[in-house]
Amino acid sequence: MRNKLHALWRTFFGDSARAFGSASVILLLLLAIAPAKNYFSQWRHYQKQYLHLIRGRADAVTLERHFQGGIQQIWMPEQQVTDRCTTCHLGLKEASLADVSPVAFREHPVIPHKLTEFGCTTCHRGQGAATTVEEAHSATEQWEQPLLPAKYIEAGCGQCHLENQTGTPFLNQGRQLISSSGCTHCHTIKRADGTYIMPDDDPPSLKHIADKTTREWVYAWVKDPQAYASTATMPNYHLSDDDARDISAFILAQSTPLEPPLQPLKADAKAAADPAAGTTLYGQSFCASCHAMQNAAGMMVGGNVGPELTGIGTKAKPEWLQDWVANPDHYDPVTMMPHYRFDAQQVATLTGLLESKTEPDFLANVHLDNATPQQIEHGKRLVVENGCASCHEINGIKKPENFAPELSRIGSKPLNQLIFVEGVEHTLPGYVAGKVRNPRAFGPSLKMPQFKFTPQQIDAVTTALLALTDRAQSQPPTMRIASVQQSKYQPAGNAGQLMRDLRCLTCHMINGHGGDMAPDLTWEGTAVQHEWLTQFLKNPETLRPALIRRMPKFNLTDAEINTLADYMMTVYQTPEFDRDSLPVSQFGTAQVEQGRQLFYSKFACQSCHIADYKTDKGYIGPALAGTGKRFNAAWVYHWLKDPQALRPGTIEPNQHMTDDEARALTAFLMSLKSGGAQEAMKK
Amino acid sequence: MKQVLIAVCAVTLLMAGCSRKSKQAVPLQATATGTAIVESSGGKQIGYAGMPLDQPVVVQVNDASGNGIAGAAVYFSGPSGVSFAPASALTDSSGQVTSAVALGQQAGRYKIMASTRDASRKTIELNLDEIALGYQQTVGAQLNAQYCVRCHDPESTPQRVSNMDNLSVKPHPFTEGDTLNKMSDADLVAIISHGGPALNKSPQMPPWGYTLSKGDIAALVSYIRAVADPPYEAGGLVYAQK
């Protein structure tokens, strides 16, 4: 063996010439390593595979002409994009490669953006400059941001699109959940355009809580809010019995009586509590538009603007209910609930109905002794520690500032700043989803409470949070589609006072401020006739047969109705045209007849609208049988010409009518002067 | 001797390096076998690419007389990218197995399979179709929910009353592949853009071309193609097991 090695050595390095020759060969080989590495690199392998794939195809010539060898790069320094993904993903723009295998060569699914304008990593993340599969897609020691899992891909859209998009349902849902779950009471989230995500869950003030409910109820509620109402938004703090006892003691001790104080329950309230009458009034007042209640079959019926009322009798004291139904402003001046102006009899009837809605089991095992000063003191500490005042107004406790970490850049948080626990995937999406799913799994002493989200909601919230990246904050402002903020519009004067009292903006949008439950009233004064508006406010009729949610009837005086109608007719007018610019008198019978033809044949309006209750059945749009009494002709004409121009987002399609057609249809519609549905039914 | 030793070591090392790490699935100990496997619920769902389906897939193993069998082993499998939780389980007392399914990252149709074995250890299979919407189809689905369903969906709920019964010419539900698959994309675009009269059909279908953009209408067509039943062949990708 040794002899053999010796012979080998002599063969190659025996004399200086041999040694020089051998050393040269070795040097040459060493020098060849770099080009060889390049030659055998992964991306070349993919390009060869791609060429092999396209050569067998009918459109090979076209595809080969599109093919460019070598490392490809999309480079946009101001957007921080250096993406070499297209070096291997060669078929991204080839429609004919939509269904080839391997997936790497497939056409990119249709999206509204060009790859060359946005790059790949803007949405997908990963390491754009890398040229191996491993480095580009996965997390490495030097690169913490691996590809985003497909289920969170809408987070990519959310970096620039601060406003909701049609194509991003999960991002929209996640953002809505962040607001409606009140995440931003504790966490600050500043969007890239400088605006803040505001909470819209409206947690009640606890300043006068003792007037409203009992300590026993507060105790059971803070232990488990969802046990009282499955729809409750307050999260579960997993409090021990003692902690719940002390918190309830402190909260009740801090409560001050309302000013002026609650009236004692009217003696006849119990007597007036006729359940049938109560249910009827509850229905007539359309309480269910906002409040949900479980019916006898266990089904939840009603809206989610106000709290669920299934167990309201267990929660609220009768005197408080009576006061609240009579005028909610007294207890909560910023409530979304309107002042219905019920008469004494109606107040008693509704109070009786709500009192009867109890859940006795909820307080069955709650027995609390009188609180000791030590318990109250301990309760105060717990209230401060848990940040109760972040959401609720509590006498003697200041709202804490920055109670929880700011989340404005959570989507780019470096992993080394996060603490992972068993069972949570070691990625940023894994961490965020884990934290939303079960915050206390990250340590029993953590303060973040347990929210009640479905797995799908957890993904949605995670998507919305992952959109809050460094890239979103630092990219050029021209890339940004700013969020639409509600205006601060408030109606003015006496009518404004009245409209605030009736909380019109809880349901209606006016000048960019308000709810979306009912029609936008910004141009109502141009649309309708004064006489109709007065009648409607006096007694709202059903305009849309298919809707459950309807305008409630408020007990307004004639003077109040006139104030409202005058104000709306004067102020809520479009600058685009004059409501009196198309007098009905100029329409002739022939035009009306032409309009009827168009209504029933060319445009088939009866598919969605009712012009005549006897023959028409369509109930997508509002009934039009009373158009002549309700609308101004100019509004009808302009609406027919372009509905979206008058009310963006309305589902009535623009039919591209000629001026003559629109005029004839207007003539026909303005000739319809029958009453509302109820009146028609009577006939 | 030494060389042989080195050679043996090298070969062993080589084999160790090349052998695939095989995941050892814990085999299920079935206590019973059935003769048929049927779908209880969860087939033909419309989900989103890369996302879990809304409803879990529930299958039932039956005996010869059609009663559920408890303790039969059910295995779920699907094309790459589809995940099941759990991927295999024993049937419960009513003979059912419930599995949460997440679809792959590509839009298209996924064929998933639930299987069990009968007494003679022969595999019985049940194939289910699930639909994953991509970006464009998602836009279409949203537009559909906003503008189209109220007439095109026969299902009526108190929250959203269907208008179909009020129309003298009944619109086609978008899942009605038998009819809609025969129409070309161009025809669908024409009828959506210009309304029924564009193809000599009822004017009760209004024109949407002045309300929706071209991209919106293309998205609607891709959605209609994605949900067609039977599947639309030309454009609909089918992901089956390899």
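Select B:Arg109 and B:Ile131 to begin: B:Arg109 stands opposite B:Ile131, a residue of strand 9 of chain B. Keep in mind as you go that this is a predicted model.

Now widen the selection to residues 123-133 of chain B, which make up strand 9, and add strand 8 of chain B. The two strands run antiparallel and are joined by ten bridges. Follow the chain from strand 8 to strand 9 and you trace a hairpin with five residues between the strands. Pause in the turn at B:Arg121, where phi is positive, at about 60 degrees.

Next, colour residues 73-77 of chain B, which form strand 4. Strand 4 also pairs with strand 8 (residues 108-117) in the antiparallel sense, here over three bridges. To find one of these pairings, pick B:Ser77 and look across to B:Met113, its bridge partner in strand 8. If you show side chains here, remember that in a regular strand they alternate between the two faces of the sheet.

Then bring chain A into view and turn to the contact between the chains, to which chain B gives 32 residues and chain A gives 34. On the chain B side, select helix 2, residues 135-152: with nine residues, this helix supplies the largest share of the side that touches chain A. Colouring that side of chain B by residue class gives 17 nonpolar, 13 polar and two charged residues.

Finish on chain A, colouring by domain. Domain 1 covers 42-147, domain 2 has two segments, 169-200 and 403-479, and domain 3 covers 209-378. Domain 4 (493-571) and domain 5 (584-682) complete the assignment. For a last view, show domains 1 and 3 of chain A together: their centres, taken over C-alpha atoms, are 60 Å apart.

Terms used:
Residues are numbered from 1 along each chain as its sequence is written. Chains are lettered from A and ligands numbered from 1 in the order in which they are written. This is a predicted model: local features need pLDDT of at least 70, side-chain atom pairs count only at pLDDT 80 or more; totals for chains, interfaces and linings use all residues. Two strands pair if DSSP finds at least two bridges between them. Helices (H or I, at least four residues) and strands (E, at least two) are DSSP runs, numbered from the N terminus. Two residues are in contact if their C-beta atoms, placed from the backbone, lie within 7 Å. Ala, Val, Leu, Ile, Met, Phe, Trp, Tyr, Cys and Pro count as nonpolar, Asp, Glu, Lys and Arg as charged, and the others, Gly among them, as polar. Domain bounds come from an automatic or database domain assignment.
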